[in-house]
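I wanted to go through this structure with the bench in mind and write down what I looked up, one topic at a time. The entries below follow the order in which I checked things.

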Number of protein chains: 2
Amino acid sequence: MDGTASRALKTRIARRPRERGVDRVLKLFSCLQAKGGPVRLAELPHMLDAPKSTIYDLVNILAEAGLLEIRGKDSQIYFGKMMHLYGTSYLQANEIMARGREMVDVLARETGETSEFCIRHRGKQVIIHARPGSRPLRISSEIGSRIPLPWTASGRLMLSHMSLAEIDSILGPEDRAMPDGSPVDIGKFAAECQASRNMPLVKTVGMINNFTQCLAAPVTNAYGLVEATICFVLPIDVPAEKKRALEARLVKASGELSLMNTESGQAG
Amino acid sequence: MDGTASRALKTRIARRPRERGVDRVLKLFSCLQAKGGPVRLAELPHMLDAPKSTIYDLVNILAEAGLLEIRGKDSQIYFGKMMHLYGTSYLQANEIMARGREMVDVLARETGETSEFCIRHRGKQVIIHARPGSRPLRISSEIGSRIPLPWTASGRLMLSHMSLAEIDSILGPEDRAMPDGSPVDIGKFAAECQASRNMPLVKTVGMINNFTQCLAAPVTNAYGLVEATICFVLPIDVPAEKKRALEARLVKASGELSLMNTESGQAG
DNA sequence: TTGCATAGTCTTATATTTTGGACTATGTTC
DNA sequence: GAACATAGTCCAAAATATAAGACTATGCAA
């Protein structure tokens, strides 16, 4: 009506005067996850930059459904029992994830090193299970923490089957800078991803910080796609021999987890 | 405007011409949970009695957010990785639930009997973790299955702190009939609930069917409220001595799980 | 008690989501 | 290849959810 781009504007640009309930809900979940613990209901509208009436309405609906819980006289909000139940259902339907979690526990116990199980969500890797090693050094690997894919070995594995265009479309603006702020060269990064295709193990040394290195191995589904990675996070100065042993152990773990059904090898 | 009950009608009666996105999402989750596994996307509008366009739209949004996953060329829909992550966050914030799950595993291993961990959701109990016993008999205790509260010992415990009015408001129409179809006497049921208050153990024999009995013990939070129950599901003919031993074990487990902080005894 | 701050409820209008249904795409059968 | 079945996309209109903000409730301080 008013110009050339009226349709385009309509899609998703600029924060519109009103936002969809579902979108608000997704942001709410994401926010709670980021916080890592209960948040006061009265604080949520501010945190989400959303109207009070909307948030009170939605939270009540979600709490009624058991996806959220409201606790105490100051109405602390956090995930609810149904969220847990649905999450459990996911695990039951995805054998690979359930076994990955267990494997992390086994590896950490066996080796004493910090072990993680990671998946991809959009342009980031998400740690869905982790077990700290017995070393004093505490490496920041909280469950749920998100790291841009270009920062990690895991990230390269999880993108290894994708084209440059796909990779480019997946990375958000905030995923295109390295920890030191320097921009990611997408072409080079995509090449690294593709180079890691079918590799049993990828290592990055000092990429996130100067004190740690990471060993990552792919966990593939029945179609041969990398669904997750299993990793060790190690201090930079691990003795060479120990490192070699850890690498071998990780590759073995990866192989045990991966579902490489020969029959479905050419199904995808 | 048009009569006495216009406000009341506006609230939730009759399926309105349109339904809210959030409500559709909740029904979708519930439906997937009930199915217990992936459902074809094209089938969902029919299953949910919802318009195609709406479901396709919502599913895409939820899949993009990682709460659902779309798999294969026939677009199988099921819960996604983020659902699992959020569910895990719930567990981390609710120590009691995490320990309850572990305890079920311990009890089942130790005794060889079917053990369950249950919570309440509206007028039903929901099994959030279960471990089948070593007996041949398979009792229907799938994780996620829902049973009306009046059918179980657990149900009585979980309502034990409530008044008749509260109990009445919680039970939906479908929760007011026993397995044999006979209606529940709410007054009598509420009395039974209140009688189970502070009981370390409640038993029901042959209530759901004639072949099983159930032992249930309360798991209370820091405020002394019953947040969950831990149970044994046994065949009707367990030797008396064995039964006594199981009862004792369950009470012990219940005590270990329950958080009865003396300091917060009068906080609620 | 008054005044102030924080929390939560309720109402009404408008901006937008939901919806029906037409349309396209894909695959299967004859 | 035509006819059909199934799956998925797109559009414009109507119905209603979101949002703004007034309002009430609660708690605390002076």
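Before reading off any contact I fixed the cut-off: I count a polar contact when a pair of N or O atoms lies within 3.5 Å. I also note at the outset that this is a predicted model.

**Entry 1: DNA strand D**

With that cut-off in hand I went to Thr54(A), and found an N or O atom of its side chain 2.7 Å from a phosphate oxygen of DNA strand D. The side chain of Arg24(A) also reaches the backbone of this strand, with an N or O atom 2.5 Å from a phosphate oxygen. For Arg18(B) the partner is a base nitrogen of DNA strand D, and the separation from an N or O atom of the side chain is 2.7 Å.

I then looked at the wider surroundings and counted 19 residues around DNA strand D, the closest being Arg18(A), Arg24(A), Arg18(B), Arg20(B) and Arg40(B). By kind, the residues of this surface divide into 9 charged, 5 polar and 5 nonpolar. Helix H2 (21-35) and helix H4 (52-64) of chain A, and helix H4 (52-64) of chain B, each supply at least two residues of it. Which parts of DNA strand D make up its atoms within 4 Å of the protein? Sugar or phosphate accounts for 62% of these atoms, and bases for the rest.

**Entry 2: DNA strand C**

I repeated the search for DNA strand C and found 20 residues around it, with Arg20(A), Arg40(A), Arg18(B), Arg24(B) and Thr54(B) the closest. These residues of the surface near DNA strand C divide into 10 charged, 5 polar and 5 nonpolar. Of the atoms of DNA strand C within 4 Å of the protein, sugar or phosphate contributes 61%, and the rest belong to bases.

For single contacts I noted that an N or O atom in the side chain of Arg40(A) is 2.3 Å from a phosphate oxygen of DNA strand C, and that for the side chain of Ser75(A) the corresponding distance is 2.9 Å. Glu19(B) uses its backbone, where an N or O atom lies 2.7 Å from a phosphate oxygen of DNA strand C. Two or more residues of this surface come from each of H4 of chain A, helix H2 (21-35) of chain B and H4 of chain B.

**Entry 3: helix H5 of chain A**

I checked whether the length of this helix fits its residue count: at 1.5 Å a residue, the 13 residues of H5(A) (residues 81-93) should span 18 Å, and the end C-alpha atoms are 19 Å apart, which agrees. Is H5(A) mostly covered or mostly exposed? It is mostly covered, since 11 of its 13 residues are buried, among them Met82(A), His84(A), Tyr86(A) and Leu91(A).

**Entry 4: the sheets of chain B**

The sheet of 6 strands in chain B is open and antiparallel, in the order S6-S5-S4-S9-S8-S7. Strand S6 (146-148) and strand S7 (202-205) stand at its edges with a single partner strand each, so one side of each has no neighbour in the sheet. From one strand to the next the twist averages 30 degrees.

Within this sheet, S8(B) (residues 212-220) and S9(B) (residues 226-235) pair in the antiparallel sense over 9 bridges, and Cys214(B) has Val233(B) in S9(B) as its bridge partner. Strand S9 of chain B also holds Thr229(B), which is buried with a relative accessible area of 0% and whose side chain makes a polar contact of 2.8 Å with the side chain of Ser154(B).

S7(B) pairs with S8(B) in the antiparallel sense over 4 bridges, and Lys203(B) stands opposite Leu215(B) in S8(B). The side chains of S7(B) alternate, with Val202(B) and Thr204(B) buried on one face, whereas Lys203(B) and Val205(B) point to the other and are not buried. In the hairpin of these two strands, with 6 residues between them, Gly206(B) takes a positive phi near 65 degrees.

Last, I noted an open antiparallel sheet of 3 strands in chain B, ordered S1-S3-S2, whose edge strands are S1 (39-40) and S2 (68-71), each pairing on one side only. S2(B) is joined to S3(B) (residues 76-79) by 4 bridges, with Tyr78(B) in S3(B) the bridge partner of Glu69(B).

Notes
Residues are numbered from 1 along each chain as its sequence is written. Chains are lettered from A and ligands numbered from 1 in the order in which they are written. This is a predicted model: local features need pLDDT of at least 70, side-chain atom pairs count only at pLDDT 80 or more; totals for chains, interfaces and linings use all residues. Side-chain values use heavy atoms; hydrogens and water are left out. A residue is near a molecule or strand if one of its heavy atoms lies within 4 Å of it. A polar contact is a pair of N or O atoms within 3.5 Å; within protein, one must be able to donate a hydrogen and the other to accept it, and residues adjacent in sequence count only if both atoms are side-chain atoms. Ala, Val, Leu, Ile, Met, Phe, Trp, Tyr, Cys and Pro count as nonpolar, Asp, Glu, Lys and Arg as charged, and the others, Gly among them, as polar. Two strands pair if DSSP finds at least two bridges between them. Axes are lines fitted to C-alpha atoms, for helices over the stretch in contact, and angles run from 0 to 180 degrees between N-to-C directions. The expected span of a helix is 1.5 Å times one less than its number of residues. Buried means under 20% relative accessible area, exposed over 50%, partly exposed in between (1.4 Å probe, protein chains only).
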